[in-house]
Amino acid sequence: MANAATAPLLTRSQEAPASKEPSIDDVIEMYIGATGVMQLLKAVFVAFAWAFDAQQVFISAFTDAEPRWHCLTAASAGNASCSPAAVSPCDLPPGSWAWDRPAVASVVSEWALNCAGPALVSLPASSFFAGCLAGGFLLTTLADSLLGRKKMLLVSLASTSIAGVLTVFAPNIWAYAALRLVSGFFRSMVGTCTLVLSTELVGKRWRDTVNVTGFFCFAVGFLSLPALAYAFRDASWRNLYVWTSVPCICYSVLVYFLVQESPRWLLVRGRKQDAMEGLRQIMSLNGSCATATSFSMLDACVVHEDNAGASGEGVFAALQAMSGRRWALRRLAAIMATSFGVGMVSLGMPLNVGSLGSNLYLSVTYNALAELPSAVLAWLLIRRANRRSSVVALTTAAGACSLACAAVPRGAAAARMAAEVLSFFAACTAFDVMLVYSTELFPTSVRNSAVGLVRQALVLGGVAAPVLAALGRERSFWSFGVFGVAIGCCGLFVASLPETRGKSMSDTMAEEEERNDGAVASCTGATAGR
């Protein structure tokens, strides 16, 4: 099927008039379309950055969790005033209760935040997502303009890891929240650069496979958290930041030496010599010999910076290129609205599992395990189903399950857990499909910026998630109920987007506009014919 999907692209190139310049997509496919094993492994290696991304996103589910507590023994002073049936130990006299685990096991117990209110307890997690939001808007165009995919990925990984190491030395909640803000700021571009760079290093046939491999890596990173947290359950929460940040620094060093910049981005920026060197490295992995004459096709397809809408006026030129085109703004607004609803569920559910009354480690593990079949289903949907209808169906299912979780009585813990896992599963699958969808909706010159904005809309939904999760400890509607309504309603915006399955990607805004005009003309002609 993948070969069949590639064949029309090559046929169109061969049958096109001699005067028509080949697109970058055509030429890149000609050089790296025959993806070899080593080339594919390099793309998978880039996709592994998703694992470190997942760790930073969900680490607060353990470090910021409120531990269980118990009344002290009968011999302890003040025990007569302690009742295990009490909802919170805040109203109990000092010395009548104690945490089940050492106080240093959680931020809440170490700094006595359990009675400080939901706003202060959720401050570090909300600060992290607020940093992701700010970083997404301020850094999102750098990967399309000045830095490129590889350098932006390295800056994001290294800065996030350094902030994580510094978090180990946080003396109070305010310093901790500030460092989480910095970590989120630089982490904001990890997923976007990983998604775009990994897919631009392989041919069209393998793009979907590499995309889904990244989602599997995200699940692996998520699954590593409950294992690490359980291993350090009686130690300081600071150990989690050490064991998630130091390996990420080592990985960044390997990326620097082993991975090259995207040839597609280099061509769009007009850097032909650098693109040739990158293509030569990729072709050597496949056992192909590349000479100067073998790159003659590049002369006909190089798109210079001013035509790519990514130069001249600064790093926001890519966003300016979209702002002048109504079709681009409509696409961006619709996909971002859907991403907002998906973010509330996919980022909020793991933070809210503590209110289900079940074991925290098992609850997070169930959510992490749901990422694996979610990636498989996303892979199947990406290969065999339309993007638009898949996202609408998945967001509707996630909303229904989330509302069911709010409606089920608190005593039915197993039923609530099943509904929560199903909702998270559907939301994660929708997110995976939606990310691939967003890369196909926008041309190369602004693709990284557009995907970055889509991810920031998802993060915007995550900013409110910690506060809603804290409020939902008393009434489930404020967490699960709001999650369900948000994702169900926001998912309907996708219905207004064009279908992209099976279509080749454009390189510039002008090329995408030509395709849109051609589609409109075809529809008009068909209508007139009837």
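Start by selecting helix α18 (residues 326–352) and helix α22 (residues 444–471), whose axes lie 6 Å apart and make an angle of about 40°. The two helices are therefore oblique to each other, a word for angles that are not under 35 degrees (roughly parallel), over 145 (roughly antiparallel) or 65 to 115 (roughly perpendicular). Axes here are lines fitted to C-alpha atoms, for helices over the stretch in contact, and angles run from 0 to 180 degrees between N-to-C directions. As α18 passes α22, the crossing is right-handed, which is the name used if the near helix is turned clockwise from the far one by less than a right angle; anticlockwise makes it left-handed.

A word on what is on your screen: this is a predicted model, where local features need pLDDT of at least 70 and side-chain atom pairs count only at pLDDT 80 or more, while totals for chains, interfaces and linings use all residues. Residues are numbered from 1 along each chain as its sequence is written, and side-chain values use heavy atoms, with hydrogens and water left out.

**Stay on α18**

Select Trp-327, which sits in helix α18. Is Trp-327 buried or exposed? Trp-327 is buried, at a relative accessible area of 12%; buried means under 20%, exposed over 50%, and partly exposed in between, using a 1.4 Å probe and protein chains only. Now add Leu-497: 170 residues separate it from Trp-327 along the chain, yet their C-alpha atoms are 9.8 Å apart.

**Zoom out**

Show the whole chain and you will find 24 helices and 2 strands. These are DSSP runs numbered from the N terminus, helices being H or I with at least four residues and strands E with at least two. Of the 530 residues in the chain, 56% are buried. Among contacts (heavy atoms within 4.5 Å) with a separation of 6 or more, 83% join residues 24 or more positions apart.

**A second helix pair**

Next, pick helix α9 (residues 148–167) and α10, with axes that come within 8 Å and cross at roughly 165°. That makes α9 and α10 roughly antiparallel to each other, and their crossing is left-handed. To see the contact, display side chains including Ser-156, Ala-163 and Leu-166 of α9, along with Tyr-176, Leu-179 and Phe-186 of α10.

Keep Tyr-176 in view and select Thr-63, whose side chain makes a polar contact with the side chain of Tyr-176 at 3.3 Å. A polar contact is a pair of N or O atoms within 3.5 Å; within protein, one must be able to donate a hydrogen and the other to accept it, and residues adjacent in sequence count only if both atoms are side-chain atoms. Thr-63 belongs to helix α5 (residues 60–63) and is buried, with a relative accessible area of 0%. Beyond its neighbours within four places in sequence, Thr-63 touches several residues, among them Ser-106, Trp-237 and Tyr-241.

**Follow the salt bridges**

How many salt bridges does the structure hold? There are 4, each a side-chain nitrogen of Lys or Arg within 4 Å of a carboxyl oxygen of Asp or Glu.

- Select Asp-53 and Arg-187, which meet in a salt bridge at 2.5 Å, N to O. Asp-53 is in helix α4 (residues 49–58) and Arg-187 in helix α10 (residues 173–187), so the pair ties together parts 134 residues apart in sequence. Both Asp-53 and Arg-187 are buried.
- Move to Arg-238 and Glu-110, another salt bridge, with the closest N and O atoms 2.8 Å apart. Arg-238 is in helix α13 and Glu-110 in helix α6 (residues 107–110), so this pair links parts 128 residues apart in sequence. Arg-238 is buried at 16% relative accessible area, whereas Glu-110 is partly exposed at 27%.
- Then choose Arg-387 and Glu-440, joined by a salt bridge at 2.8 Å, N to O. Both Arg-387 and Glu-440 are buried.

Go back to Arg-238 for one more look: its side chain also reaches the backbone oxygen of Val-168 at 2.6 Å. Its contacts outside the four nearest places in sequence include Trp-111, Thr-167 and Phe-169.

**Last stop**

Finish at Ala-112, in the loop between α6 and α7 (118–121). Most residues other than glycine have a negative phi. Ala-112 has a positive phi of about 50°, although it is not a glycine. Ala-112 is exposed, with a relative accessible area of 53%.
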